Amino acid sequence: MSLRKKAIKGGFWVLVQQFGSRGIGFVVSILLARLLVPEEYGLIAMLSIFMAISSSIMDGGLLDSLIRTDNPSDEEYSTVFFFNLIMSIVMYSIIYLIAPLIADFYKEDILIILVRYYALILVINAFTFIQKTRLTKIMDFKTQTIVELPSIVISATVGIVMAYQGYGVWCLVVMALVQAVASSIQLWYRSRWKPLMVFDKKLFYHHFNYGYKLTLSGILNAVFSNAYNIIIGKYFSAVQLGFYNRADSLKQFPVSNISGVLNRVTFPLFAEIKNDNVRLKSVYKKLMKLVVFIIAPLLLFMSALGEPTFRFLFTDKWLPAVPYFQILCFNGILEPVHSYNMNILTVKGRSDLYLKLQIVKKTFILIVVAISFSFGIYGLLYGSVFLSFLFFVINSHFAGKFISYSAWEQTKDLIPILLTALVCAGVIFISDFYIKNYISYDIVRIIIGGIIGSLLYLLIALKLKMDSLTELMNIIKRK
């Protein structure tokens, strides 16, 4: 099978998986948000940094090293498997012991028992890291889809039943644990891979020497990507953190679904053509423009229709999250592009440069957060938008050197798309301002605004002859 066909086939199954699992998850989140209160979501958000750091340490960058390695052996897979398993037990033990400190930091006593149960996910997931890595390596996303969809259905059923019975925040904890267990059982059965009783020190050090820089980068990412959860949870309240978490989750829905489809395909795809810079640039350019062509209008249109969207989906109690959401939508536009640029560095074996850039970017985060914190939550959110565009410049500059695709060239390719999406979102916002005086049904406002924006966006794209629209239509025709 050709690389193009393999990528399209892989992308199709990732699409099914993303929209299937995320779609079910989205519906479940709507039901749960109507049954739970913002504070309960805030409590889970307080734990995210500890889970993220632990996952980064367990991974050790070794999984990426396996993906970029040509024909890794069973000994290599087994060695990394046992490393991940041991590290998961170590990290769980640490979290178990420091649980009282976590609760004291946030002034929430319930976090002691919550984190001790929630962190069991680390150990459960450690049993399936290699299975997922092997399937990703061969771009077998069909099997991963077949595994994930039943897992999320089972966990969603459990979560909804518990929420209706009044278990509150515990339904979120149990739901996550059930999904991890269901996924683990199926992956062991379907992947047909079992570890050898082998731990080869030489092979471990080979992958560790490449991966430890990615580990450090992952830890930095975990800390700073959760910085807002920490600050809002510590200095504001669990309720406000719940509003922020709900706004960020809704923003992430289109980002994680659409860009996630391409993100999961791009790394193994880039790894296969890492030595052909001309081809790598061509593939990267098409992917970057295509994902922004889809993501930008979706996020900006959702931002323009934030109020009716939140009231329709989550009820009036979540309306304070609308301003957060509208700002965060601008933050998410370039998020997938950041991943693509960093993937270029990774497949080129420049994990050292990857780490250095992470340190530089985290320094900027510290500066911006320190300045914006005095302006409250809104200052922090606007600061995150500024950082997103700054990081695009930094990432594209250094990654672009490897494929002769400079930051300025990337910017010029994206500006027409971004301006078109912004203009159409403005039209939606103005139209809805007048429509709401005559129509009180939120769903009708959302549909009318979406149709107006979408038609205008497509007309402008056709008029400007955007090649991303042509590429999208070709993909749709092939499938």
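A charge sits over an aromatic ring if NZ of Lys or CZ of Arg is within 6 Å of the ring centre and within 35 degrees of the ring normal. The exercises below concern a predicted model.

**Exercise 1.** Identify the ring face over which Arg246 lies, and place that ring among its aromatic neighbours.

*Solution.* Arg246 lies over the face of Phe314, at 5.1 Å from the ring centre. Phe314 in turn belongs to an aromatic cluster with Tyr41, Phe243, Phe310, Trp318 and Phe325. Leaving aside residues up to four places away in sequence, Phe310 touches Arg246 as well. Other contacts of Phe310 include Leu250, Trp318 and Phe325.

**Exercise 2.** Determine which residues have the most contacts inside the largest nonpolar core, and which helix supplies the largest share of this core.

*Solution.* The core has 128 residues, and those with the most contacts inside it are Leu32, Leu111, Leu172 and Phe310. Its largest share, 14 residues, is supplied by helix H5 (residues 74-106).

**Exercise 3.** Classify the ring pair of Tyr235 and Phe373, then state how far apart in sequence the joined parts are and whether each residue is buried, partly exposed or exposed.

*Solution.* A search of the whole structure yields 23 aromatic pairs. In the pair of Tyr235 and Phe373, the ring centres are 5.5 Å apart and the planes stand at 70°, so the pair is edge-to-face. Tyr235 lies in helix H12 (residues 227-235), while Phe373 lies in the loop between helix H18 (351-372) and helix H19 (376-403), so the pair ties together parts that are 138 residues apart in sequence. Tyr235 counts as exposed, at 55% relative accessibility. Phe373, with a relative accessible area of 33%, is partly exposed.

Note on methods: Residues numbered from 1 in each chain as written. Predicted model: local features only at pLDDT ≥ 70, side-chain atom pairs only at ≥ 80, totals over all residues. Heavy atoms only, no water. Core = buried A, V, L, I, M, F, W, Y, C linked by side-chain atoms within 4.5 Å. Buried < 20%, exposed > 50% of the residue type's maximum accessible area, 1.4 Å probe, protein only. Helix = DSSP H or I, 4+ residues; strand = E, 2+ residues; numbered from the N terminus. Contact = heavy atoms within 4.5 Å. Phe/Tyr/Trp six-rings, centres within 6.5 Å; stacked < 30°, edge-to-face > 60°.
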